[in-house]
Amino acid sequence: MSAPRGRPGSPDISGGPILLLVNPTSGHGRSMKLLPRTVAALEGAGFTPTVHITENLADATEHARAAAAGSIVAVLGGDGFLGASAAGAKESGAVLLPLAGGRGNDTVRRLGLALDPVKAIGSLGRLVTRDLDMGTVNGRPYLGVANVGFDGLANEYGNSARLNLGPFVYLYGGLKAFLDWKNVTFTLSVDGRQRVFPGWFVAVGNVGQYGGGLRICPQAKVDDGQLDVVSLGRAGILGVAATFLRSYHGAHLGQRNITFSRGAAVTIKASKPLNVYADGELVAPLPAEIGVLLQAVKVLVPANSPALR
């Protein structure tokens with residue numbers, strides 16, 4: 001096994017100033033409910049937090065971009081909020097501390113961090129700094145998964161759900177999308193290898209998990225300079241449902257209608273208008289060019305994170 005890229009170690013975690021970015025809308029207000037305990041935990045760990053309640057994702061990016069190089073920026077929100085903050089930290093050199101404040105919290109889960117922000121802060125002494133890769137969709141950075149197709153439609157329905165269903169909101173979105181989806185033809189190229197196929201989705205994973213626990217790219221590593229590409233071809237409704245159920249355990253790659261590849265340059269086109277999502281957020285309509293930024297952002301993670309090589 002090769003040594004991990006990036007420089008292990010940690011910034012000064014003995015105390016001092018720390019910026020805490022908070023998304024007030026994450027998890028239907030979950031971040032705001034967790035905020036008092038999170039601030040108290042940071043203070044208990046010797047930090048002096050500056051709390052910024054963000055207005056939108058661009059605001060999070062700007063504040064992370066303005067942070068001092070090597071300083072810690074704690075991020076309390078969901079996957080999209082973390083991805084937006086990472087885009088800013090990529091430029092500033094700040095070190096991110098991801099704190100779960102959303103519904104699915106897939107990136108936090110896959111990185112191996114505690115889902116309770118207080119516990120995550122309590123584990124700071126056991127975390128190390130790793131230089132993680134980021135994906136890009138038409139130039140926009142992301143951390144977790146970029147996806148297009150049936151799962152994107154399910155994501156749209158999940159995000160618009162009025163009920164607070166937690167991670168099950170994506171299951172709700174998937175069931176609703178079944179009623180509206182018709183197969184399309186994708187044109188997929190990975191490092192110049194092109195394939196045209198009728199199918200249901202294409203997922204391009206960096207961290208590799210999304211949708212409230214779906215390990216759609218279960219072999220993805222966030223420090224290997226590669227993107228994992230998983231697509232589902234022709235299948236019936238039951239086959240699609242089985243794929244997503246198996247993906248909770250990362251056990252779907254052996255299906256005959258699943259295709260897996262790995263590369264650094266991915267292009268996706270489709271025979272009908274479809275939107276691309278990344279970290280659960282709408283990015284752009286197809287066509288899409290997806291790439292990877294090597295060692296792009298510093299993040300505090302467990303040394304034995306399952307997302308690392």
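**View 1. A right-handed β-α-β unit is built from strand 1, helix 1 and strand 2.** This is a predicted model. Helix 1 covers residues 30-44. Strand 1 takes in residues 16-22, and strand 2 takes in residues 47-53. The two strands run parallel and are joined by 7 bridges. To find the pairing in the close-up, start at P17, whose bridge partner in strand 2 is T48.

**View 2. An open sheet of 6 strands follows the order 12-11-10-7-14-15.** The pairing in this sheet is antiparallel. Strand 12 (258-263) and strand 15 (281-285) stand at the edges. Each has a single partner strand, so one side of each is left without a neighbour in the sheet. Ignoring direction, neighbouring strands are turned against each other by 20° on average.

**View 3. Strand 7 and strand 14 pair inside that order.** Strand 7 spans residues 145-149, and strand 14 spans residues 275-278. They run antiparallel, with 3 bridges between them. V148 is a useful landmark here: V276 of strand 14 stands opposite V148.

**View 4. Strand 16 pairs with strand 4, with strand 5 and with strand 13.** Strand 16 covers residues 288-302. Its pairing with strand 5 (residues 127-137) is antiparallel and runs over 10 bridges. In that pairing, T136 stands opposite G291 of strand 16. Strand 13 (residues 265-270) also runs antiparallel to strand 16, through 4 bridges. There, I268 has A288 as its bridge partner. Strand 4 runs parallel to strand 16, and 2 bridges join them. V95 marks this contact, with K298 of strand 16 as its bridge partner.

**View 5. A cis peptide bond links L286 to P287.** Its omega is near 5°. P287 sits in the loop between strand 15 and strand 16. Strand 15 is an edge strand of the open sheet. On the other side of the loop, strand 16 begins at A288, the residue that partners I268.

**View 6. The largest cavity holds about 40 Å³ of space.** With a cut-off of 30 Å³ or more, the count is 1 cavity. What lines the largest cavity? The lining consists of V75, G77, G78, D79, L82, P98, L99, N105 and V108. Strand 3 (72-77), helix 3 (79-92) and strand 4 (95-100) are the elements that give two or more residues to this lining. By residue class, the lining divides into 5 nonpolar, 3 polar and 1 charged.

**View 7. N105 has a positive phi of about 55°.** N105 is not a glycine. The residue lies in the loop between strand 4 and helix 4 (106-111). N105 is also one of the residues that line the largest cavity. Strand 4, on one side of this loop, is the strand that runs parallel to strand 16.

**View 8. The whole chain comes to 8 helices and 16 strands.** Its radius of gyration is 19 Å, close to the 19 Å that the globule rule gives for 309 residues, so the chain is as compact as a globular protein of that length. Along its principal axes, the C-alpha trace spans about 55 × 45 × 30 Å. The β-α-β unit of strand 1, helix 1 and strand 2 and the open sheet of 6 strands can both be located in this overview.

Key. Residues numbered from 1 in each chain as written. Predicted model: local features only at pLDDT ≥ 70, side-chain atom pairs only at ≥ 80, totals over all residues. Heavy atoms only, no water. 1 Å grid on protein atoms, 1.4 Å probe; cavity = no way out; pocket = protein on both sides within 12 Å on 5 of 7 lines; lining within 4 Å. Points joined across faces, edges and corners; volume = space filled by probe spheres on them. Nonpolar A, V, L, I, M, F, W, Y, C, P; charged D, E, K, R; others polar. Pairing = 2+ DSSP bridges. Right-handed = clockwise from strand over helix to strand, strands pointing away. Axes fitted to C-alpha atoms, helices over the stretch in contact; angles between N-to-C directions. Rg over C-alpha atoms; globule rule 2.2 N^0.38 Å.
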